[in-house]
Amino acid sequence: MFNGLSVSSILLLMALGLAITFGLMGVINMAHGELMMLGSYTAYVMQNAFLRQFGDQGFSGYFAVALPVSFFVAGSVGLLLERTLIRRLYGRPLETLLATWGVSLILQQTMRQAFGANNVDVRSPQWLTGRWQVSAGLEFPHLRLFIIFFTAAAVALIYLLLFRTNVGLKIRAVTQNRDMSACLGVPTAKVDAYTFALGSGLAGVAGCILSLMGSVGPTTGQNYIVDAFMVVVLGGVGKLAGAIAGGLGIGECNTLFESFSTATMGKVIVFTLVILFLQWKPSGLFPSRNRSLD
Amino acid sequence: MSTNDARPASLGRRAFMRRAAGAAAGAAAANFLPELGYHVMPRAAAAEPIRVGILHSLSGTMAISETSLRDVELMAIEEVNAKGGVLGRKVEAIVEDGASDWPTFAEKSRKLLQRDKVCSVFGCWTSASRKAVLPVFERLNGLLWYPVQYEGNECSHNVFYTGAAPNQQISPAVTWLLKNRGKKFYLLGSDYVFPRTANLIIKAQLKSEGGQLVGEEYTPLGHMEYSTVVNKIRAAKPDVVFSTINGDSNVAFYKQLRNAGITAKDIAVMAVSVAEDELRGIGGGVAEGHYAAWNYFQSVNTSENKAFVDKFKTRFGKNRVTDDPIEAAYFQVHLWAQAVQKAGAITVEAIRKGALGQEFKAPEGMVRIDPQNQHTWKTVRIGQIRSDGQFNVVFSTNGPVRPQPWNSLLYPNRDCNWDLGGTVDKNKS
Amino acid sequence: MPTSIIYLEGVTVSFEGFKALNNLNFIMYPGELRVVIGPNGAGKTTLLDVISGKVRPTAGRVIFGELTDLSSLREHEMAKLGIGRKFQTPSVFKALSVFENLELACHQKSKGVFATLFSKRAEREKIFAVLDEIGLADKAWMKAGSLSHGEKQWLEIGMVVIQDPRLMLIDEPVAGMTGKETEKTGALLSSLAGKHSVLVIEHDMNFVRQIARTITVLHEGTVLCEGPLEKIQNDPRVAEIYLGREHKSHASH
Amino acid sequence: MPNISSWKDWLLFGAIFAVLMFAAPAALSDFRLNLLGKFLALAILALGIDLIWGYTGMLSLGHGVFFGIGGYCMAMYLKLQVGAAGTYQTDLPDFMTWNGLTELPWFWKPMHHFSIAMLSAILAPALCATLLGLLTFRSRVQGVYFAIITQALALVASLLLIGQQPYTGGTNGITDYKAILGFDLADNSVQKGLYIATVLALGVSYVFCRWIVRSRLGKVLGAIRDAENRLRFLGYDPVGFKVFVFAISGALAGLAGALFVPQVGIISPSNVGIVPSIEMVIWVAVGGRGTLSGAILGTVLVNAARSGFSEQFPAFWLYFLGSLFISVVLFFPDGVIGALRYARDGFEKLARRKRSAVAEFEEVI
């Protein structure tokens, strides 16, 4: 149960950025995984910097710094991406898909050139290596607890941002009706850019955190991308609540099936179920109705 | 004809391309640039160099491991050339990228053999890539030098196996664990051929040596979420996890195992696909105290090894590490050179004959190509992971062990012996 | 009295709470030319959506011709029954030529996969007849996407005409047309009435005056009143919610 | 639409066909010919993708699956041809033996016959596509959703193939064949024969596709791409059309797979997964979607470039491929063919195409 929750939170973390770029803006960003990969490498770089500065004892602090930095790094790459590429392709999701796939290839190769083909080692800071002993046999790793709470917090923040602030209002306005908001004097281009940057930044943070769970290498991103998309699609594009539900659903199912079959079959079953589910509810768990012809 | 055929061909092809569609010319040119490159260059050299192929994944998921092999093979070739080459001729390597894609491996090996007419190819890592190129080498009668430990069950006239056969890595590891860490085994592997086949052997061995199987699990290559697996392990309470996980997943597995508070003291993980190079990505700290079985560790204490490691680090940077496949890739080049020298010719048949029984003082100690089954006699070692990502050798056979491509428990009557025409089955013959 | 061509009984359509149609009753007879007017949000387009099957009524029945209940059918089935529709924003197949647009719309025995796969070339004269009617003959081979807004309107009307449906649903046919074009459209629609039943939605009151025989006024999803132009114009409620503004604006110039 | 250029097309088509058929085998080295044969096999698959993406506007990221099914059917046949000649002197494929299988699984049995293998190589993918299509299109799953669903399909399929090692050979896939229809695959003349067969198959497929897109059905497909929902109100049910074209496209992919395997000598999950499926799409995009000739041209060009580049500087292949994706999408939405047309056409025509983002229908090879 806790397990499922933790898996779900990780999935959701991966999908959060996508829920914004894909969910709200309708941009199929195949390079999302690579943006996460950038976040992971940021963590790696920060760690080394701290090791050089403070040695083995002091380096723990690096993570606190790495989080915002990775957000910034991935975010700015995302910004660049939006400015140069994606903005030319609004309303052409399939083209965007192909172009961003190209971007992902380039990012991978760049990192390979920069850091070598090998995985790099990101160490958990001490304060995340412990475990919380509830009772004999029942104990929660701090790291997983941290991820769960962090994800929850992130979701909460995004909600506040989207639904309680002026910026959020603008974002929603633009994503719902670009032309209309343009008429109302909303700087749509700007908003688009920053929304995308926000999504990308979140990807970066996710990558930064996942570097404590998994490997950090040029092809790391590939391992996450499909899962992330599945979450968003299952949840229903355009609804943040959907992404959350999707994450929980897939996470719980995955752990469930995996526990009584093999990991491979678990994955197969889950994806098959998602596919079938989408037959039954084509627009996901939380469909957003509209009246337009197409 | 041998080297000429390709150039007129290319022209013909290019001509055809232009007829096919004007725009084709560009890419066609891109396609045939290398061709011209390859076939002009040798003629320029004084004595025609001996061409060998190097075929590893330089891009894609397997690049992580295979690029190092290319590096060290080129290094070894330079050493050979520095000593004046073989048969008074320089050795020229033609590097190809298998791109972690098995059909590409097949395509490239065909190119190396048919177009570049190389007399030997050093290459491959995964069983999949080896299986993909095997038919090509057998058809076109090429010679493949394969430097990675593998699952056995193979006996090809056209391959020299310089990595460990199961009986030189897996079986001794199991025996050692049973003696030193306990009887209850949990088998965990990536979902592909090597782990599944290896586990067949291990299960057979557990039966015969009184071990107990408490769980078996396979995860997809690149799997990242091991929490459920870890829980299963915790529930099964094994003494040992025998891990045949390959690639990225290792990182996730060790990190999450440690995270769940399971250390080497509670449950020991014995890995056969985790070497120094992988540990750089995992972090020694996380995997500290766990084991790996290999024929070579960077920490092996031989003069050859010291020289090898120094050379490697000065050449590729001090933070690079050597490991078993790298070492095998290194010494197989030297074995090959000796073989050619002995053969006195560069026909596949001559080299093959020359290689049989060939010995070399490798960093891991003396290695010897078995004259019957074309695998390699190697010393078996078990290392315990240190926090610095290196190994303490905790067990070592005295002297090289004879390779057995077929496990004696699973295939009691089967053997690979080219004196008797390859795979022999005592039931049938 | 003859059987109705279309008959809506107590139809309600609600989008997430908002009632676009509210217990609407509406009837039309064969050969009739009916104009539906009403302020924005009165539910005019929704009315067409219900009849053409784009939207399913939340409650009520929709009867087409001889007692065929539409509420269970899908769009293409309704189209086959003989309901043709022109959309508010002209939607034609941009990448196809004008000719091909009409060819697709053209009435066929079957519009199934294999029928279309093996079908011979289209009846050119029939298509060109329509092309002349809508004045696009010279643009037959142009991509529909490159037509002007007005031309697209015409093309789409043409597509409805060539379908030869029993009931034509025409949503704002003269939006973005010049006065001359508007008149021409009016003439065309009037000429179609009789052998087809035509249901037109329009804002442009001049146009309404030109073609209107019976007018239905929708307001907040229900029929406010119905009758000939004079009756409507003299109805205070209508004046208040709708024509009132029209009158003022006319008075002003 | 009046196609003045029609007879010219056929002339050109005949010329190229003749060149591929007779000139190429004479001119090219065995290695190059084998390579070209492989490309042309893939070109058949590209035709299929063009039908569904270029003409109907549905992006399938799961064509690797159909290709795989075709390939595996053929591979099963070839593997069974090996018979007792294998390592274990048993009639069982070697990988089954070392995975502890003692008898042939039921779905392998019929593959002893070439005809059945070939037939299922084409029909099985078509059937698959039909089922998925019926499910997906009836529930009006469109555009992006379809792309992602098919992508998931590709992932599931490759996972399954890997997981069911005793029956599929796992990651290794199925390899090491000896003969086809009794001919030794090692023999160069046999390889030439396979090449010829591929050219023929490609020719037939091309004519077939051309016939489809020139029929009224072809126009319906275009209408689906432009405004599917509008089409419903003209009395067409898009579902049937989409399923039909999806099935055809699947069948073509299967055929391609069946021709690919004996020439390359291996089929494995790495041909089925997400990455290959996406690359297949880019071939079409590069050549110019919405034009059959573009699909073929693109496939040959990209693959030729790939083997060329990766022979020379592997590291940069990814950069090249990546920028190819981007530049095609940004600057050549109509691919090479489109670019050629730009060059050929007058400005007035060019201006028009700018307005209609998608490639035009008339076929100019």
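Helices (H or I, at least four residues) and strands (E, at least two) are taken here as DSSP runs, numbered from the N terminus. On that basis, chain B comprises 14 helices and 17 strands, and chain D has 15 helices and 4 strands. The structure is a predicted model, in which local features need pLDDT of at least 70 and side-chain atom pairs count only at pLDDT 80 or more, while totals for chains, interfaces and linings use all residues. Residues are numbered from 1 along each chain as its sequence is written, and chains are lettered from A and ligands numbered from 1 in the order in which they are written.

Burial may be considered next. A residue is buried if 20 or more other C-beta atoms lie within 10 Å of its own, exposed if 12 or fewer, and partly exposed in between, with C-beta atoms placed from the backbone. Of the 429 residues in chain B, 61% are buried; for the 365 residues of chain D the figure is 63%.

Contacts give a second view of these chains. Two residues are in contact if their C-beta atoms, placed from the backbone, lie within 7 Å. Of the contacts in chain B with a separation of 6 or more, 69% are between residues 24 or more positions apart. In chain D, 81% of the contacts between residues at least 6 apart in sequence join residues at least 24 apart. Between chains, 5 pairs are in contact, and chains B and D share the most contacts among them. Chain B and chain C, by contrast, do not touch, and their nearest C-alpha atoms are 26 Å apart.

A nonpolar core is a set of buried Ala, Val, Leu, Ile, Met, Phe, Trp, Tyr and Cys residues joined through C-beta atoms within 7 Å. The largest such core has 402 residues, and those with the most contacts inside it are A15(A), A43(D), A46(D), L47(D), A256(D) and V281(D). At least three residues of this core come from each of domain 1 (50-164 + 305-314 + 325-377) and domain 2 (170-271) of chain B. Beyond its neighbours within four places in sequence, A43(D) is in contact with L202(D), A295(D), I296(D), T299(D) and V300(D).

I49(D) lies in helix α2 (residues 30-55) of chain D. I49(D) is buried because 28 other C-beta atoms lie within 10 Å. Not counting residues up to four places away in sequence, I49(D) touches S60(D), H63(D), S249(D), M280(D), V281(D), V284(D) and A295(D). The last of these, A295(D), is 246 residues from I49(D) along the chain, yet their C-alpha atoms are separated by 8.2 Å.

The two domains of chain B have bounds that come from an automatic or database domain assignment. Their centres, taken over C-alpha atoms, are separated by 31 Å. Where they meet, 7 residues of domain 1 of chain B are in contact with 5 residues of domain 2 of chain B. The domain 1 side of this meeting divides into 3 nonpolar, 3 polar and 1 charged residues, where Ala, Val, Leu, Ile, Met, Phe, Trp, Tyr, Cys and Pro count as nonpolar, Asp, Glu, Lys and Arg as charged, and the others, Gly among them, as polar.

In chain A, helix α4 (residues 93-115) offers a check on geometry. The expected span of a helix is 1.5 Å times one less than its number of residues. For the 23 residues of α4(A) this gives 33 Å, and the end C-alpha atoms are 32 Å apart, which agrees. Since 17 of its 23 residues are buried, α4(A) is largely enclosed by the rest of the structure. G116(A), with a positive phi near 85°, follows α4(A).

The sheets remain. Two strands pair if DSSP finds at least two bridges between them. In chain B, an open sheet of 3 strands has the order β11-β12-β13, with antiparallel pairing. Its edge strands, each pairing on one side only, are β11 (359-362) and β13 (376-377). Strand β12 (residues 365-369) of chain B and β13(B) are joined over 2 bridges in the antiparallel sense, and R368(B) has W377(B) as its bridge partner in β13(B).

In chain C, an open sheet of 4 strands has the order β2-β1-β4-β5, again with antiparallel pairing. Strands β1 (residues 6-15) and β4 (residues 59-64) of chain C pair over 5 bridges, with I6(C) opposite F64(C).
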